[in-house]
Amino acid sequence: MRILIVDDEDTNRIILSRHLKKWKYEILQAANGKEAWEILQRENINLVITDWMMPLMTGAELVQKIREYNFPYYIYTILLTSQSSIEHLVQGMESGADDYVVKPFNEQELRARLRAGERILALEQELARQNAQLTEAYSVISKDLEAASKMQRSLLPSSDSTLSGYCFEWLFLPSKYVAGDILNFFKLDDTHICFYLLDVAGHGIPSAMLSVTLSKILTPNMREGDPMHQSIPHTPDFQIRKPSEVLCELNERFQTEHDAMQYFTIIYGVIDTLTGKIILSQAGHPPPLHVHHGGEVEAIGTGGFPVGMLPDMQYDDCEIVLKKGDRLVVYSDGISECANDKNELFGQERLAQLIGKYRKFPLKESVRMGEEFLRRWNGSDEYDDDVTLLAIERME
């Protein structure tokens, strides 16, 4: 270990140096605090023993300067002082010193204090090593999460937001790298469009994994086991299932058999593109908002029970008709339960008022204006919960 001795008295430095060399330490010397500081800038020093009263820079000032400087390693400091009053010692420790020795020092006491310093430095080095390992691990995890986030976003709808005379706009703001929320919309056949927005309970990777699994199941690709279609013995070989039947099927599929219950809320709906009729089913999700062309905003549905929580649950269907210029807004509770700095929730009523206020703007613009309003309410771009919204408009 390298030790820097700082003392303006040559005799004191010689005596102290003789003891330290006997104990197999490597010694550097400085005649004052300024000289010591210059040495610390160019040499790797583990421990400093400094006299208190010196010209140009006192020992306490040197210690304080060491603490304020961003060295890449910790420097243990011991103050030598002829003062033994409590006030004097407190002042020294408050400057940042790790220990002190009253002059004239006792050889065994000094040796014991140096050993204590060595133990602390060894612990600091081990902590630095572990922190470096944690930093490396965190970097790997961050890269993996970023890749997972890109994969999850790839499951979201494409930028083409118009289908069969209906305009779709959406908002997806995960609270972390990955989200428990997911949404989509797509054609089931030539005259029907499916849409859904779901919110898996909890946060982080487990919730995101389930949301990705559900997204893969609720896809527009026809395949065996698709819960959205039911095979029939004649052409066209399938019929579109009612939303309530889809939720019942999902509920039976996702019953957990272990203590770590994982469930999700969802709005699932089907649009008849010719008539504007929407049949939707709700499972523990905030009620969608029907925005009438005339300006009235109406909450739809009564709640329902989350999917995957209990077996043999039944779900209800709800019907509305989107007239030309009408909108339907589906959202997650990350919006309604978003709190401002006064801990006030955004709430369904405020959201309904905001949607009604922006209804005369084009759908895309109104969604972005709502996003900016929510960001100001939240006070930052980071949210405590995933923020997800899907807006549908029957075009004029």
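**Charges, cores and cysteines in a predicted model**

Reader: Which side chain of opposite charge is nearest to Asp 7, and how far away is it?
Author: In this model, which is predicted, Asp 7 is buried and yet has no salt bridge. A salt bridge needs a side-chain nitrogen of Lys or Arg within 4 Å of a carboxyl oxygen of Asp or Glu, and the nearest side chain of opposite charge does not form one with Asp 7. That side chain belongs to Lys 103, and its distance from Asp 7 is 4.4 Å.

Reader: Where along the chain does Asp 7 lie, and which backbone nitrogen is 2.8 Å from a polar atom of its side chain?
Author: Asp 7 is placed in the loop that runs between strand 1 (2-6) and helix 1 (10-22). Beyond its neighbours within four places in sequence, Asp 7 is in contact with several residues, including Asn 12, Arg 13, Asp 51 and Lys 103. A polar atom of the Asp 7 side chain lies 2.8 Å from a backbone nitrogen, that of Glu 9.

Reader: Which residue forms a salt bridge with Lys 103?
Author: The N to O distance in this salt bridge is 2.9 Å, and the partner of Lys 103 is Asp 51. The pair links distant parts of the chain, since Asp 51 belongs to strand 3 (residues 47-51) while Lys 103 sits in the loop between strand 5 (99-102) and helix 5 (107-154), 52 residues apart. Lys 103 is partly exposed at 25% relative accessibility, whereas a value of 6% makes its partner buried, and that partner is Asp 51.

Reader: How many residues apart in sequence are Glu 393 and Arg 327, which form a salt bridge?
Author: The closest N and O atoms of Glu 393 and Arg 327 are 3.5 Å apart, and both residues are buried. Glu 393 lies in strand 18 (residues 387-394) and Arg 327 in strand 17 (residues 327-331), so their salt bridge ties together parts of the chain whose separation is 66 residues.

Reader: How many salt bridges does a search of the whole structure find?
Author: One pair is formed by Arg 2 and Glu 26, with closest N and O atoms 3.2 Å apart; Arg 2 is in strand 1 and Glu 26 in strand 2 (residues 26-30). Elsewhere, salt bridges that share partners join Glu 372, Arg 375, Arg 376 and Asp 381 into one network. The search of the whole structure gives a count of 16.

Reader: Which strand gives the largest share of the largest nonpolar core?
Author: This core holds 46 residues, and those touching the most other members are Phe 195, Leu 250, Phe 264, Ile 266 and Tyr 268. The largest share amounts to 7 residues, and it comes from residues 192-200, which form strand 9.

Reader: How many residues make up the other core, which lies apart from the one just described?
Author: Among the members of this other core are Leu 289, Tyr 331, Ile 335 and Val 367. It lies apart from the core of 46 residues, and its own number of residues is 22.

Reader: Why does Cys 194 form no bond with Cys 248, and what is the disulfide count?
Author: A disulfide is a covalent bond between the sulfur atoms of two cysteines, and the two sulfurs must be within 2.5 Å to be counted. Cys 194 is buried at 0% relative accessibility, but its closest cysteine sulfur, in Cys 248, is 16 Å away, which is too far for a bond. For the structure, the number of disulfides is 0.

Notes. Residues are numbered from 1 along each chain as its sequence is written. This is a predicted model: local features need pLDDT of at least 70, side-chain atom pairs count only at pLDDT 80 or more; totals for chains, interfaces and linings use all residues. Side-chain values use heavy atoms; hydrogens and water are left out. Buried means under 20% relative accessible area, exposed over 50%, partly exposed in between (1.4 Å probe, protein chains only). Helices (H or I, at least four residues) and strands (E, at least two) are DSSP runs, numbered from the N terminus. Lys and Arg count as positive and Asp and Glu as negative; His and the chain ends are not counted. A polar contact is a pair of N or O atoms within 3.5 Å; within protein, one must be able to donate a hydrogen and the other to accept it, and residues adjacent in sequence count only if both atoms are side-chain atoms. Contact means heavy atoms within 4.5 Å. A nonpolar core is a set of buried Ala, Val, Leu, Ile, Met, Phe, Trp, Tyr and Cys residues joined through side-chain atoms within 4.5 Å.
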